[in-house]
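Reader: I am new to this structure and would like a close look at a single part of it, with the surroundings filled in where they help. Please take me through it slowly.

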Amino acid sequence: MKIRTLVLSILSVLLLFSCSKDLAEYSYYKNIPEVTGTTSDDPPLFFIIKVDLGYAWGDKKTQYSLADLTPVINDGMRNLFSSKTEFDYTIEQEDNLKQEIMDMVNTTIHRYDSFKNVPGIKTVAIVKKQVFEFR
């Protein structure tokens, strides 16, 4: 019985190590605060959005730049999201929204001389997205 448990444990560890490289393609910066505001619709709708920013696994330059620029990135997101309409937040438009977020964040990072050689983010995860009437 002990040998079976040992063998299963070893196989589990080997499987975990063999898959870990594929699973760890990205690290996610999760410290961007939830963004709230109103859309550009008439009448405006209220939005609440939370995103996590994915960068290459082990990319410390991007991780540190995101930490340093969190307030600037948060402000950029608030401006970006406020320029959108309800349609822009539909599931059909989500890939476009993610691309715009990625472009805005990478442009923000590369705007500063000290971050010119930073690889930047590679993906965006929308963790929370709510758009509703404000009453």
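In which loop is the place of D88, and what can be said about the elements around that residue?

Author: This is a predicted model, and D88 has its place in the loop between α3 and α4. With a relative accessibility of 22%, D88 counts as partly exposed, because the buried class is kept for values under 20% and the exposed class for values over 50%. Once its neighbours within four places in sequence are left aside, D88 is in contact with Q93 and L97. T39 stands 49 residues from D88 in sequence, yet the two C-alpha atoms are 9.6 Å apart in space.

One of those contacts, L97, leads into the helix that follows the loop, since L97 is among the buried residues of α4. Helix α4 runs over residues 94–110, and its 17 residues reach 24 Å from the first C-alpha to the last, close to the 24 Å expected at 1.5 Å a residue. Besides L97, the buried residues of this helix are E94, I101, M102, M104, V105, N106, T108 and I109. An α-helix has 3.6 residues a turn, so residues three or four places apart point the same way. The buried residues of α4 pack against two strands, β3 (45–56) and β4 (123–133), and against two helices, α2 (60–68) and α3 (70–82).

On the other side of the loop in sequence is α3, and α3 packs with α2 at an angle of about 75 degrees, the axes being 5 Å apart. That angle makes α2 roughly perpendicular to α3, because values from 65 to 115 degrees fall in that class. In this contact, α2 contributes L66, A67 and D68, while α3 contributes T70, P71 and I73. By character, the residues of the contact comprise four nonpolar, one polar and one charged.

As for how far the model can be trusted, the chain averages a pLDDT of 89, and 83% of the residues score at least 70. Among the elements of the chain, α4 has the highest mean pLDDT, at 98, whereas helix α1 (residues 2–23) has the lowest, at 55. Where pLDDT is low, the predicted coordinates should not be read in detail.

A further detail is found in another loop, the one between β2 (35–38) and β3, where P43 has its place. The peptide bond that joins D42 and P43 is cis, with omega at about 0 degrees, whereas most peptide bonds are trans.

Definitions and conventions
Residues are numbered from 1 along each chain as its sequence is written. This is a predicted model: local features need pLDDT of at least 70, side-chain atom pairs count only at pLDDT 80 or more; totals for chains, interfaces and linings use all residues. Side-chain values use heavy atoms; hydrogens and water are left out. Helices (H or I, at least four residues) and strands (E, at least two) are DSSP runs, numbered from the N terminus. The expected span of a helix is 1.5 Å times one less than its number of residues. Buried means under 20% relative accessible area, exposed over 50%, partly exposed in between (1.4 Å probe, protein chains only). Contact means heavy atoms within 4.5 Å. Axes are lines fitted to C-alpha atoms, for helices over the stretch in contact, and angles run from 0 to 180 degrees between N-to-C directions. Angles under 35 degrees count as roughly parallel, over 145 as roughly antiparallel, 65 to 115 as roughly perpendicular and the rest as oblique. Ala, Val, Leu, Ile, Met, Phe, Trp, Tyr, Cys and Pro count as nonpolar, Asp, Glu, Lys and Arg as charged, and the others, Gly among them, as polar. pLDDT is the predictor's confidence in each residue, from 0 to 100.
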